Amino acid sequence: MTTLNDFRPGATLRVVKVHGEGALRRRIMDFGITKGVTLYIRKMAPLGDPMEILVRGYELSLRKEDGKMIEVERVNSKP
């Protein structure tokens, strides 16, 4: 399983599945991160937590713990 945490800034990704249960999964989905949505990783904090992503036209900061629950696939070919 490839998650959001496996990629670096500049990657464009598509959400395959949001894992987790209950309120945490619901919170991630309320941010607009649902199956099929395209995400762009804009930047990361110096220590890697949190990361800033562009989703549905707005910027969102996510913790590493939340990123582990988002299964993604690469859309572009840049590393």
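Trainee: Which residues does Asp-66 touch, not counting residues up to four places away in sequence?

Mentor: In this predicted model, Asp-66 touches Leu-24, Arg-27 and Ile-28, once residues up to four places away in sequence are left out. Asp-66 itself is found in helix 2.

Trainee: Why is Asp-66 called buried?

Mentor: The relative accessible area of Asp-66 is 2%, and the word buried is used for values under 20%. Since 2% falls under that cut-off, Asp-66 counts as buried.

Trainee: What makes the pair of Asp-66 and Arg-27 a salt bridge?

Mentor: The side chains of Asp-66 and Arg-27 meet with N and O atoms 3.3 Å apart, and the rule asks for a nitrogen of Lys or Arg within 4 Å of a carboxyl oxygen of Asp or Glu. The distance of 3.3 Å satisfies that limit, so the pair is counted as a salt bridge. Asp-66 lies in helix 2 (residues 64-67) and Arg-27 in helix 1 (residues 22-30), so this pair ties together parts that are 39 residues apart in sequence. Arg-27, Arg-63 and Asp-66 are also linked in a network of salt bridges.

Trainee: Is Arg-27 buried or partly exposed, and how do you know?

Mentor: Arg-27 has a relative accessible area of 33%, and partly exposed covers the range between 20% and 50%. Because 33% falls inside that range, Arg-27 is partly exposed, whereas Asp-66 is buried at 2%.

Trainee: How many salt bridges are there by this rule?

Mentor: The count comes to seven salt bridges. One of them joins Glu-73 and Arg-14, with the closest N and O atoms 3.3 Å apart. That pair links distant parts of the chain, for Glu-73 is in strand 5 and Arg-14 is in strand 1, 59 residues apart. Another salt bridge is formed by Glu-65 with Lys-68, where the closest N and O atoms are 3.2 Å apart.

Trainee: What makes Glu-73, Arg-14, Glu-65 and Lys-68 partly exposed?

Mentor: Each value has to be set against the limits of 20% and 50%. Glu-73 has a relative accessibility of 37% and Arg-14 has 32%, while Glu-65 has 48% and Lys-68 has 44%. These values lie between the two limits, and therefore the four residues are called partly exposed.

Trainee: Where is Val-15, and why is Val-15 called buried?

Mentor: Val-15 has its place in strand 1. Its relative accessible area is 3%, and because this is under 20%, Val-15 counts as buried. Leaving aside residues up to four places away in sequence, Val-15 touches several residues, including Ile-33, Val-37, Leu-39, Ile-70 and Val-72.

Trainee: Which residues have the most contacts inside the largest nonpolar core?

Mentor: That core has 18 residues, and those with the most contacts inside it are Leu-4, Ile-33, Leu-39, Ile-53, Leu-62 and Ile-70. The elements that give two or more residues to this core are strand 1 (12-18), strand 2 (38-44), strand 3 (51-55), strand 4 (58-62) and strand 5 (70-74). Leu-39 touches, among others, Leu-4, Val-15, Ile-33, Ile-53 and Val-72, again not counting residues up to four places away in sequence. As a general background, nonpolar side chains tend to be buried together in soluble globular proteins.

Trainee: How do you know that strand 3 and strand 4 pair?

Mentor: Pairing requires at least two bridges between the strands, and strand 3 and strand 4 have five, in the antiparallel sense. Five bridges meet the requirement of at least two, so the strands are said to pair. The bridge partner of Val-55 in strand 4 is Tyr-58. The hairpin of these strands has two residues between them, and there Arg-56 takes a positive phi near 55°.

Trainee: In what order do the elements of the chain run?

Mentor: The chain has two helices and five strands, and from the N terminus on they run β-α-β-β-β-α-β.

Trainee: What makes the radius of gyration agree with a compact globule?

Mentor: For 79 residues, a compact globule would have a radius of gyration near 12 Å, and the chain has 11 Å, which agrees. Of these 79 residues, 35% count as buried. Among contacts between residues at least 6 apart in sequence, 61% join residues at least 24 apart.

Notes. Residues numbered from 1 in each chain as written. Predicted model: local features only at pLDDT ≥ 70, side-chain atom pairs only at ≥ 80, totals over all residues. Heavy atoms only, no water. Core = buried A, V, L, I, M, F, W, Y, C linked by side-chain atoms within 4.5 Å. Buried < 20%, exposed > 50% of the residue type's maximum accessible area, 1.4 Å probe, protein only. Helix = DSSP H or I, 4+ residues; strand = E, 2+ residues; numbered from the N terminus. Contact = heavy atoms within 4.5 Å. Rg over C-alpha atoms; globule rule 2.2 N^0.38 Å.
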